[in-house]
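Open the model in your viewer and keep the selection tool at hand. This short tour moves from the DNA to the protein interface.

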Protein chains: 2
Amino acid sequence: MNFQQLRIIRETVRRNFNLTEVANTLYTAQSGVSKHIKDLEDELGVALFVRKGKRLLGLTEPGKELLPVVERILLDTQNIKRLADQFAKRDEGHLALATTHTQACYALPPVVSRFKQTFPRVHLELHQCGPKEIVALLRAGQVDIGIATEAVGVEEDLVSFPYYQWQHAVIVPEGHPLTQVVPLTLEAIAEFPLITYHEGYTGRARIDAAFAEQGLVTDIVMSALDADVIKSYVELGLGVGIIAAMAYHPKRDAGLVVLESKGLFELNTTWIALRRGHYLRDYALRFIEYCSPNLTEERIRDSVFPKSHGV
Amino acid sequence: MNFQQLRIIRETVRRNFNLTEVANTLYTAQSGVSKHIKDLEDELGVALFVRKGKRLLGLTEPGKELLPVVERILLDTQNIKRLADQFAKRDEGHLALATTHTQACYALPPVVSRFKQTFPRVHLELHQCGPKEIVALLRAGQVDIGIATEAVGVEEDLVSFPYYQWQHAVIVPEGHPLTQVVPLTLEAIAEFPLITYHEGYTGRARIDAAFAEQGLVTDIVMSALDADVIKSYVELGLGVGIIAAMAYHPKRDAGLVVLESKGLFELNTTWIALRRGHYLRDYALRFIEYCSPNLTEERIRDSVFPKSHGV
DNA sequence: GATGCTTACGATACCCGTAAAGATA
DNA sequence: TATCTTTACGGGTATCGTAAGCATC
């Protein structure tokens, strides 16, 4: 048994049992991939893959049970390397984040700039993507930290921590009839065509829920991934915008007004998600601490590396 | 990085940084051991060992942090093998127990015989040793299950479950003056020379505690590792014996009488100890279940493989 | 001087890649 | 037929063991 064999096992599952692809992603030849699988199966004395003729179709029972152990081993080899780098070059390295547009634009900038000042030699890699991709990137070990408002933390192999809470805000062009409605109600808003986020993004579910709860039917004429797009179309008069409150800048968004909307929508929580067992460099923990001071190194480490198992 | 390097790192620590010994226990040459360590340190970019000239003295800081990860990886490689064997030969294999004389003689025989009937092809290996060795054997992964009355479960990397409870009994030769004392008291017992277990064995601590609590000074003229030895000397009239109640057989121990001693000594609990993260074959879990029916497979697995970490 | 670590060197075994052949859709 | 897997074979590399050279105690 060697590491290459384990990498091949893992990659074979990831690549849907296409050994040619496996070979390509691991930068090696198919022949070797085949042989490694065969060798390992011989050594263990059980077939790990279900075959139909020469094609691999899936995992056998033993294969299914072995896979998580294989993944843990490979995760640990990465951990060893990260740990070593930690000492070799203390404040030098790489930090990969996956986050949505909203967080990248409005919540993270101050954190990132503070981080960059303290750790100028750490290369920051910012993956901007949707919540599902964030989970996938964390799982694959391609990013160290995920930040999103939805769809994290439900999974067994991820942990998440509350980062901050925020509310949605209603924006309209100057002089819009809604500016006269005080106090503002959902009922009044629902009279107008709406522009807001795509489903599954930036608390959209909370918006829908708020209207649904009062039995209001909304006319969402447009949806977008980010507030900037929404603002543009609100400015053109296509409808009333509902965006994350922190996405509105009085100065930059001069043609728009934000309406008092306290209590209309439920609070949203943005989460910091991590992969269990994924070793984090000191500066990664500092980054998290910059996000929210009560997310201490100790608290994070305890959750990412659950007690016991020394495994 | 390869497995041999990791094995060498682990073994170097275990063998107190004597590379010659490491080479011997791993059945390889010192030269290779040296080179492997050097190669790994080069690859990781940090020194793992503190050196004085050519001698290795201990682990560096990074070495200390890496060691648990290395051990987890090696543990997982064993787990892979055990898992595979599980499927390759379902009811065939190996089960190693470490237990004290008392348990081996008096508690386990019915369990073992039932186990052997159900799993005739499993080779049972019974290590008889003291509590400390049991812990060491579990830690080293040399046994799957440890059974003892003391000194288990205090350690982070082991888990233990209550197996059964029992009491000490007082035995004397026929016609001994103590047979007249009803009810029996510790005070009366302390008048006579005593023969019982060595310190650290079979609940000896509880015996001492019982006398000490009443301010009684005892004259322990002999101590032994097992009840058979104690019984022999009690029979010779050297003193009053205090042994585990289950070690007395009315038929086999014809020349001895057991005295009613309810309430004199505190109850003892015998524990089943396991190593966290050490994969257990199905039949090992069955063995534990035979010991105590409420120790179900599910309960054991949950404790040995703590939640989360997929890992 | 005994023990222990490192380096050098030759033999072996392992791993990889090319290429050809066979299987599958 | 095109794609994919296996097997065979040659070249390169890494690992291992022997042996010699040094450091440490």
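**Stop one: DNA strand D**

Select the surface near DNA strand D: by class, 4 residues are nonpolar, 11 polar and 7 charged. Keep in mind that this is a predicted model. In total, 22 residues surround the strand. Thr20(A), Ser34(A), Thr28(B), His36(B) and Gly53(B) are the closest.

Now color by element. Helix H2 (19–25) and H3 of chain A, and helix H3 (30–44) of chain B, each supply at least two residues of this surface. H3(A) has the largest share, with 4 residues.

Which parts of the strand face the protein? Of the strand D atoms within 4 Å of the protein, 67% belong to sugar or phosphate, and the rest to bases.

Zoom in on three side chains.

- Thr28(B): a polar side-chain atom lies 2.6 Å from a phosphate oxygen of strand D.
- Asn18(A): an N or O atom of the side chain is 3.4 Å from a phosphate oxygen of strand D.
- Arg55(B): here the partner is a base oxygen of strand D, 3.0 Å from a polar side-chain atom.

**Stop two: chain A against chain B**

Hide the DNA and select the contact. Chain A gives 38 residues and chain B gives 38. About 3400 Å² is buried between the chains, with carbon and sulfur atoms giving 76%.

Look for 2 salt bridges across this interface. In one of them, the side chains of Arg72(B) and Asp76(A) meet at 2.5 Å, N to O.

Next, show the side of chain A that touches chain B. Helices H1 (3–14), H3 (30–44) and H4 (61–88) of chain A each give two or more residues. H4(A) gives the most, 20 residues. By class, this side has 20 nonpolar, 8 polar and 10 charged residues.

Conventions:
Residues numbered from 1 in each chain as written. Chains lettered and ligands numbered in written order. Predicted model: local features only at pLDDT ≥ 70, side-chain atom pairs only at ≥ 80, totals over all residues. Heavy atoms only, no water. Contact = heavy atoms within 4.5 Å. Buried area = accessible area lost by both parts, 1.4 Å probe. Salt bridge = Lys/Arg side-chain N within 4 Å of Asp/Glu carboxyl O. Nonpolar A, V, L, I, M, F, W, Y, C, P; charged D, E, K, R; others polar. Near = heavy atom within 4 Å. Polar contact = N/O pair within 3.5 Å; in protein donor to acceptor, adjacent residues only side chain to side chain.
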